[in-house]
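Okay, thanks for making room for me today. I'll put the chain up first and then walk through a few spots in it.

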Amino acid sequence: MPRRTGDRPNVLVFFTDQQRWDTTGVHGNPLGLTPNFDRMAAAGTHAYHAFTCQPVCGPARASLQTGRYALDTGVWRNGLALREGERTLAHWFRESGYTTGYIGKWHLADDRADHQAVSEAQRGGYQEWLAANVLEFCSEPYDTVMYDNDGHPVKLPGYRVDAQTDAVIRYIEAHQREPFFLFVSYLEPHHQNRIDDFVPPDGYREPYQNRWIPPDLAALGGSTQQHVAGYCGIVKRLDEALGRVLDALKSLSLDENTIVLYTSDHGCHFKTRNNEYKRSCHDSAIRIPTALVGPGFSGGGQIRDLVSLVDLPPTLLDAAGIEVPASMHGRSMLPLVRREATGWPTEVFLQISEAQVGRAVRTHRWKYSVSAPDCQGWLDPASETYVEEFLYDLAADPYELHNLVGYDAYDEVKAVMRGRLLRRIDAAGESPPRIEPAPTHASGQRHLLPGEAEA
């Protein structure tokens with residue numbers, strides 16, 4: 001059969017789980033973990049400042065499927081299902097003539113640890129299915145089990161990243177004659193829950209033992225020394241998988257007509273900010289690697305504006321020529337790629353659950369976060385009252401080691417950031433809360449000059 005020509009681009013999402021932004025060479029990591037991602041970012045469009053909107057698996061996935069903040073989707077913590085009938089990327093692409101497929105971890109169905117098959121009604125509109133709801137509960141690094149369209153278990157050979165990538169390449173080959181939207185959701189580099197370890201392929205842990213680690217982890221410790229080498233080995237194998245996918249597209253002459261998005265649901269702070277790996281406002285938990293290549297993005301260069309996970313769904317639809325739904329909270333990045341004038345937001349907004357009920361905003365210069373003292377993160381989606389918890393000056397303290405929220409020298413900054421947060425809470429459809437100032441004491445430091453809080 002002749003190759004398709006002149007059609008709308010294929011779209012492939014390469015989605016990792018719990019991957020820090022600074023695992024990548026383009027963000028200064030010296031270990032050589034991500035040559036394929038680095039090449040993709042250099043050839044395409046690199047969202048240098050990209051952030052999740054909810055630093056936990058299920059809520060972040062709900063936002064990436066819908067383009068809306070997690071509380072609005074109803075999936076504000078893990079274990080909650082995406083509402084049946086909720087419109088997702090699969091629906092919009094499918095209605096525009098695309099074949100849709102999903103491979104990997106879903107985490108948006110009923111949370112049943114004993115049975116990870118997902119009913120058709122809870123698959124978010126995807127047509128072809130090879131996935132598990134919570135993949136870490138039904139598989140191990142060398143024992144990959146996912147479920148097909150009929151709900152039957154399928155055991156795939158090889159290390160889990162490789163087994164899944166084999167399935168991705170098979171899908172691409174089978175659908176090369178038609179426009180496809182394929183969402184590929186890896187579990188890695190997420191820890192394996194049963195043993196609380198980051199398990200790389202055999203031989204991939206040792207090269208990264210006693211090597212460079214990010215400064216925040218070096219300062220704070222946590223479980224870093226126990227886990228970071230395995231984590232790095234997994235990231236290396238993921239990047240090799242990305243290279244295989246890009247090679248497959250090139251070998252089938254699909255590379256110039258396929259948009260590839262690489263991103264993650266959240267980062268990993270290795271038990272330095274709370275007693276696990278995520279669910280905090282810190283960059284180690286919220287900043288993610290993000291790059292796109294293909295039609296509309298090749299040669300786009302580096303974007304320095306602050307990009308949220310909720311901006312990625314409208315970006316993909318826009319790039320495919322599909323009208324962006326007005327219901328989406330995010331906006332398309334394409335004007336940024338084209339260097340067009342745009343009123344792009346100068347902060348990103350975060351909803352935080354499970355470990356706490358929290359809200360935060362981050363600008364280029366400042367991080368401001370509040371927490372609800374009388375709420376439980378697993379029971380309460382929001383609060384009527386929050387208390388200031390964190391303030392970081394990211395210009396002076398990029399690794400967020402010095403919390404300034406208790407110093408009166410920063411009262412002006414806190415007032416500005418409080419206003420920003422309240423506006424973003426309102427825009428996300430939440431009821432306006434009361435934010436109580438943190439108790440302060442004299443810091444002996446100068447007040448910032450007018451305008452510095454806006455930097």
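I'll go through the cysteines, a sheet, a helix, one strand residue and then the salt bridges.

Just so everyone has it in mind, this is a predicted model.

Cysteines to begin with. How many disulfides are there? The count comes to 0. Take C53: the nearest cysteine sulfur belongs to C57 and sits 13 Å away, so with a cut-off of 2.5 Å C53 is in no disulfide. C53 is also buried, at 1% relative accessibility. C281 tells a similar story, as its closest cysteine sulfur is that of C53, and 15 Å is too far for a bond. C281 counts as buried too, with a relative accessibility of 2%.

Now the sheet. Five strands, running 11-12-13-14-15, make up an open sheet with mixed pairing. At the edges you'll find strand 11, residues 348-352, and strand 15, residues 434-436, and each of those pairs on one side only. On average, neighbouring strands here are turned by 25° against each other, if you ignore direction. Have a look at the strand 15 end: strand 14, which covers residues 385-393, pairs with strand 15 in the parallel sense over 3 bridges. If you want a landmark there, V387 stands opposite E436 of strand 15.

Next, helix 2, residues 57-66. How many of its residues are buried? That would be 10 out of 10, so the helix is mostly covered by the under-20% cut-off. The buried set includes C57, the cysteine I mentioned with C53, as well as R61 and Q65. Right after helix 2 comes G67, with a positive phi of about 75°.

On to V293, which you'll find in strand 9, residues 291-293. Is V293 buried or exposed? Buried, at 16% relative accessibility. What I like here is the pairing across the chain: V293 and A43 are 250 residues apart in sequence, and their C-alpha atoms are separated by 7.0 Å. Setting aside neighbours within four places in sequence, V293 is in contact with M40, A43 and G44, then T258, I259 and V260, and also S298.

Last topic, salt bridges. There are 29 of them in the structure, and I'll pick out three pairs.

The first pair is R237 with D162, where the closest N and O atoms are 2.6 Å apart. R237 is in helix 8, residues 224-251, while D162 is in helix 6, residues 160-174, so to speak a link between distant parts of the chain, 75 residues apart. R237 is buried, with a relative accessible area of 16%, and D162 is buried with 16% as well.

Then R362 and D283, with 2.9 Å between the closest N and O atoms. R362 lies in strand 12, residues 358-362, and D283 in helix 9, residues 283-286, so this pair ties together parts 79 residues apart in sequence. Both ends are buried: R362 has a relative accessible area of 5%, and D283 comes in at 3%.

Finally, E388 forms a salt bridge with R418, the closest N and O atoms being 2.8 Å apart. That takes us back to strand 14, which holds E388, and links to R418 in helix 12, residues 411-427, 30 residues away. E388 is buried, with a relative accessible area of 6%.

One more thing on salt bridges: through shared partners, D17, R61, K105, E136 and D265 are joined into one network. R61 is the residue from helix 2 that I listed as buried earlier.

Technical notes: Residues are numbered from 1 along each chain as its sequence is written. This is a predicted model: local features need pLDDT of at least 70, side-chain atom pairs count only at pLDDT 80 or more; totals for chains, interfaces and linings use all residues. Side-chain values use heavy atoms; hydrogens and water are left out. Buried means under 20% relative accessible area, exposed over 50%, partly exposed in between (1.4 Å probe, protein chains only). Two strands pair if DSSP finds at least two bridges between them. Helices (H or I, at least four residues) and strands (E, at least two) are DSSP runs, numbered from the N terminus. Axes are lines fitted to C-alpha atoms, for helices over the stretch in contact, and angles run from 0 to 180 degrees between N-to-C directions. Contact means heavy atoms within 4.5 Å. A salt bridge is a side-chain nitrogen of Lys or Arg within 4 Å of a carboxyl oxygen of Asp or Glu.
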